[in-house]
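This report looks at charge pairs, one loop proline and the nonpolar core. Keep the sequence and the 3D view open while reading.

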Amino acid sequence: LPCDHVNIATVTGTSAREEVVSSQDPAHYFGEGHPAVTLELSVNGDLADVPYGPWIDENATVLFTYEVTNSGDVTLSNLVVNDDHDRIAACPKTTLTPGESMTCTASTLAVAGTHEIMGTVFGRPPCGEQVNVSAMCVYLLVRRAPAGRPSGASEGSAGSRCCGSPA
């Protein structure tokens, strides 16, 4: 088990004079855990980790999806996912057991131009320092909707898988 542990051994007996005697002796150990987390970031369903990513119409909703996985061997709690544009992602939970994943989301309205998004996840193991990882995976070029095409429709080019690595 990770973290600091103590085991206290106690012995109790009765002396020849019928007196109850006891003694205690503590033993301490520190169990080492290996906290780690991965993050995969996509935009409108595309793993857009190379320029220019998917094309999105101006004023359409841009959906950022953050796939968070506890890749370590201890439970992570107080999980928070955000990006470098001050968006805090909505997540279904704040704790992940080893091997468990969750999908978090955030959205914004598309503004013309090319954009880079740096997503970051932070988590706290049972003991030790907070863990975090960042993934810069999303480049997107937003354009005005062409005539005859409904606003919000998009054409995408899927990039390769983009994952962060433990810090």
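Is Glu-19 buried, partly exposed or exposed? Glu-19 is partly exposed, at a relative accessible area of 38%. That label applies because the value lies between the 20% limit for buried and the 50% limit for exposed. The model is predicted, and every value here is computed from it.

**Salt bridges**

Side chains of opposite charge can pair when their charged atoms come close. How many salt bridges does the model hold? The count is three. The table lists each pair with its N to O distance and the accessibility of both partners.

| Pair | N to O distance | Relative accessibility, acid | Relative accessibility, base |
|---|---|---|---|
| Glu-19 and Arg-17 | 3.9 Å | Glu-19, 38% | Arg-17, 68% |
| Asp-83 and Arg-87 | 2.8 Å | Asp-83, 6% | Arg-87, 14% |
| Glu-100 and Lys-93 | 2.5 Å | Glu-100, 24% | Lys-93, 32% |

The settings can be read off pair by pair. Arg-17 is exposed, while its partner Glu-19 is partly exposed. Asp-83 is buried, and Arg-87 is buried too. Lys-93 is partly exposed, as is Glu-100.

**The core**

Nonpolar side chains tend to be buried together in soluble globular proteins. Here the largest nonpolar core has 25 residues. Tyr-66, Val-68 and Val-121 have the most contacts inside this core. Two or more core residues come from each of β3 (37–43), β5 (61–70), β6 (77–83), β7 (101–109), β8 (113–124) and β9 (131–143).

What does Val-68 touch, beyond residues up to four places away in sequence? Its contacts include Val-37, Thr-38 and Leu-39. Val-81 and Leu-96 are also among them. So are Ser-101, Met-102, Cys-104 and Val-121. Glu-100 belongs to the list as well. That residue links back to the charge pairs: Glu-100 forms a salt bridge with Lys-93.

**A loop proline**

Where does Pro-98 sit? Pro-98 lies in the loop between β6 and β7. Pro-98 is partly exposed, with a relative accessible area of 40%. Asn-70 is 28 residues away in sequence, yet the two C-alpha atoms are 5.3 Å apart. Outside its neighbours within four places in sequence, Pro-98 contacts Asn-70, Gly-72, Asp-73, Val-74 and Thr-75.

Notes
Residues are numbered from 1 along each chain as its sequence is written. This is a predicted model: local features need pLDDT of at least 70, side-chain atom pairs count only at pLDDT 80 or more; totals for chains, interfaces and linings use all residues. Side-chain values use heavy atoms; hydrogens and water are left out. A nonpolar core is a set of buried Ala, Val, Leu, Ile, Met, Phe, Trp, Tyr and Cys residues joined through side-chain atoms within 4.5 Å. Buried means under 20% relative accessible area, exposed over 50%, partly exposed in between (1.4 Å probe, protein chains only). Helices (H or I, at least four residues) and strands (E, at least two) are DSSP runs, numbered from the N terminus. Contact means heavy atoms within 4.5 Å. A salt bridge is a side-chain nitrogen of Lys or Arg within 4 Å of a carboxyl oxygen of Asp or Glu.
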